[in-house]
Structures are given as C-alpha cells and as structure tokens.
Amino acid sequence: MRLLTRSRLQAVKTPRSKRAADFDHAVAEFFMRIALEEAAKGLGRTSPNPVVGAVLVKGGRIIARGHHKKAGTAHAEVVALEAAGSKARGADLYTTLEPCDHYGRTPPCSLAVLEAGVRRVFSASSDPNPLVSGKGLNRLKRGGVAVVTHVLKDEADALNRPFFKMMRTGLPWVTLKAAVTLDGKIAAPSGDSRWVTGEASRAWVHRLRDQVDAILVGANTVRMDDPQLTTRLPGGGGKDPVRVVVDSHLKLSPGHTVFTQRSPARTVIATLEDPEGRRARRFLAQGVEVWNVRAKQDRVDLKAVLKRVKKEGLNHVLVEGGAGLYGTLLREHLADALALFLAPKLVGAGGLTWAGELGVKDMAHALAVKDLTMEKVGDDVLLRALL
C-alpha cells in the first residue's frame, strides 16, 4: 500500500468538483506509475492481448490493484474491482489502457466499472483495436463517470508496442539482440562466440527472454552454438518463449539441444521442405513443429515466418542470431528495435560481423536508429534503440 504526502493526499480526498478537469496531475502520474508496474508483470504472458495494469484509489490510498495475466482471463480492471469489492464505490480507477466495451472471451470492463460505482477513471493509452477505440470511455462518460485520458501515455504506449504494431500491421514486434565486441564482431575467426559478453549481460538476456513471446534464430546459430534458447532466472522460474529455428532445407540435425531439451514451450522449425517428408519426420518424432513457409530466392521468406508467428498469437519476437538473419531483417525493414551489448574486447577483421550484408553503398543510405539509450551492464555496455 502506498500513501501520498499530506498535500497531495488532500488534493485527492477533497476534489473541488466531480469534473474530470479537477485533478492533480502529479497525483495522477504517481498512481499511474504503480499501474504501469502492475502491467509489466504480464509481459510475455498475455499475447495476443496487450499488457494492462489497474489500481483503485480511495482517500489517497490504494485499495486494490491487478493486472491482466493471460488471454481469456479477467482484464486488469476487473481483477482490481473484484479485489476491492464494495470498497470500489466512489473510488478512482487508474488503468494503463482504456477499458474495453465489447464481449469477447470476457465481458466488457466498462460495464464492470459502472456497476462498481467508480467515481473517476484515469487511463493512459488509447486502444487501436476498433472494437475498443474510445467506446468504453464514452460509455463511462454517459454513465456519469469522470474520465481523464493520456496520463503517462508515452510510457504506457512503450509497454505495449508489440500489441500496437500487431493491430496496425498484422506483424509482431521484432527486437534484434546481439552480443558484439567493440569492433562489431559476434564471433572470432574460428566461429567461437563463448563468451563475448559477461555474466551480467547474459543474466539480462534471460530476463528479456522471460518477457517475450518467441525467440527466432537461424540454422547456423544452432549449428555453431547449440543454444538452449530457454529462460534461466536465478532460483528457477521464468517462462520459456516459443523457439523458432529458420532452416530453409532442413539440414540441421534433430540432435541439437534446442530440439531435444524438454521445455513447456513449443519448438518450431520453419522451412521450405515438405512438412510430411522424410527430413521433417525426424523433427516431428521429437515433438518439434514443422512450418512450411513460402520461399524467397530459395530461402525461407522471413516476412512469411513473422506472419505465421502473428497467426499463432505471438506479439513479440526476440532475434538472437545470426548475422544472415539480422542482415535480412534489417534490409527488409522487418526489425523494430535493437538491443546491442558491447563487450570491452577486440577481435579484428577476421571475426564475424554481426549485421551481415545490408546493401548500403554510401553513408547517406546507412540505416538510422532513433531513441538511442546506453547503460552499463557489468563490464559491458547495452545500447538500445528503435529502428
């Protein structure tokens, strides 16, 4: 439970009127940040739905909170309302996404808010889903509930970038993650890449895996590194994402760790080969799914793979190698974000460059990134940017 300072508390407890305009912006942002913390608990677990958090406040105190845990379960607002019970009457509701107003796998949140007698609703993001898009807020206004929108909108929008992109384009959000030396190499001339970065960076990656829906890698990464592609957090726990391996002609051995290791997550191989052919049957026998996708220059069309990923209800894809995969996704403008770990090491010209061929002929046509941030992770530096 969180308690505001006396001055801020007074602003919440004794509003000048019930009009939506009469509120303290600092107070609203204070509680919305807590709602955002709730929403983040659902990262990697709610697809194809967005992550949403909700907080109920009365008398300057939080009386209930909730987040959407999984598609098909109660939405965040309903979780909080049910936890509050009769105390919700006259309370303020802070929600990171506008309440829904349609019957899907669950009833409309707008009706639950009205029935609970909530006084005011503060929302952050607008929902691009045409089934929602302002309808819930309009119902609340008609029902006499004061509504305030776009509180910490940018922060809330950033949390749901994968969902928003999926609604706009029909494709998942794609994050490229690479560990490179200061001269941009992901492996030594021998192909050895263990380890480019330190333990702190590798632990960070496991936390990221816990928050995405799928990991995508190329066949050469599996062949050279034999990765597990699972989430290994301290003390256990965490969620394994769906593992998707791109192998255009099924040349990989089904004995690689990613195919043999037991995990609650599905393992998929995307290929041009017959999904019922002899090569495919070796993987099917181990419980690996085989997706047959269209070709592009005798290779798997990565856009087709991403469309299939979206069809499977997966909003956020983390790409972990290799250079050919990174290069194709960048060239075809299919990547959205970059998480690049820079290790304090040098390999030289013989090492493998992380980005592969981008088709850039001069600096004027170099691919640009935006919103670049940097942070120290152990001995490494993490660069994050949007593409």
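Is Val369 buried, partly exposed or exposed, and what relative accessibility places Val369 in that class? In this predicted model, Val369 has a relative accessibility of 40% and therefore counts as partly exposed, since the buried class ends under 20% and the exposed class begins over 50%. The residue belongs to the loop that links β16 (352–353) with β17 (370–377). Together with Leu372, Met374 and Leu387, Val369 makes up a nonpolar patch on the surface, and the accessible area of these residues taken together is about 380 Å².

A contrasting setting is found in strand β14, which covers residues 316–319 and whose residues His316, Val317, Leu318 and Val319 are all buried. The side chains alternate in direction, with His316 and Leu318 pointing one way from the strand and Val317 and Val319 pointing the other way. Strand β14 has parallel partners in β6 and β8. With β6 (residues 173–181), the parallel pairing extends over four bridges, and within this pairing Thr175 stands opposite Leu318. With β8 (residues 214–218), which also runs parallel to β14, the connection consists of three bridges, and here Ala214 has Val317 as its bridge partner.

The UniProt record, in an unreviewed entry, places the feature "domain: CMP/dCMP-type deaminase" at residues 26–148. In the model, this span is 33% helix and 23% strand, and the C-alpha atoms at its two ends lie 13 Å apart.

The cysteines were examined next. A disulfide is a covalent bond between the sulfur atoms of two cysteines, and a search of the whole structure finds zero of them. Cys100 is in no disulfide, although the sulfur of Cys109, the nearest cysteine sulfur, is 3.7 Å away. Because a disulfide requires the two sulfur atoms to be within 2.5 Å, the separation of 3.7 Å between the sulfur of Cys109 and that of Cys100 is too far for a bond. Cys100 is buried, with a relative accessible area of 6%, and Cys109, at 1% relative accessibility, likewise counts as buried.

A further loop, between α9 (219–225) and β9 (242–246), contains Gln228. At 28% relative accessibility, Gln228 falls into the partly exposed class. Gln228 and Thr257 are 29 residues apart along the chain, and their C-alpha atoms are separated by 5.8 Å in the model.

Note on methods
Residues are numbered from 1 along each chain as its sequence is written. This is a predicted model: local features need pLDDT of at least 70, side-chain atom pairs count only at pLDDT 80 or more; totals for chains, interfaces and linings use all residues. Side-chain values use heavy atoms; hydrogens and water are left out. UniProt positions are given in the numbering used here, feature names are shortened, and annotations may be inferred rather than shown by experiment. Buried means under 20% relative accessible area, exposed over 50%, partly exposed in between (1.4 Å probe, protein chains only). Two strands pair if DSSP finds at least two bridges between them. Patches are made of residues with over 30% relative accessible area and no salt bridge: like charges are joined within 9 Å, nonpolar side chains (Val, Leu, Ile, Met, Phe, Trp, Tyr) within 5 Å. Accessible areas come from the Shrake-Rupley method with a 1.4 Å probe; for residues, only the protein chains shown count as cover. A salt bridge is a side-chain nitrogen of Lys or Arg within 4 Å of a carboxyl oxygen of Asp or Glu.
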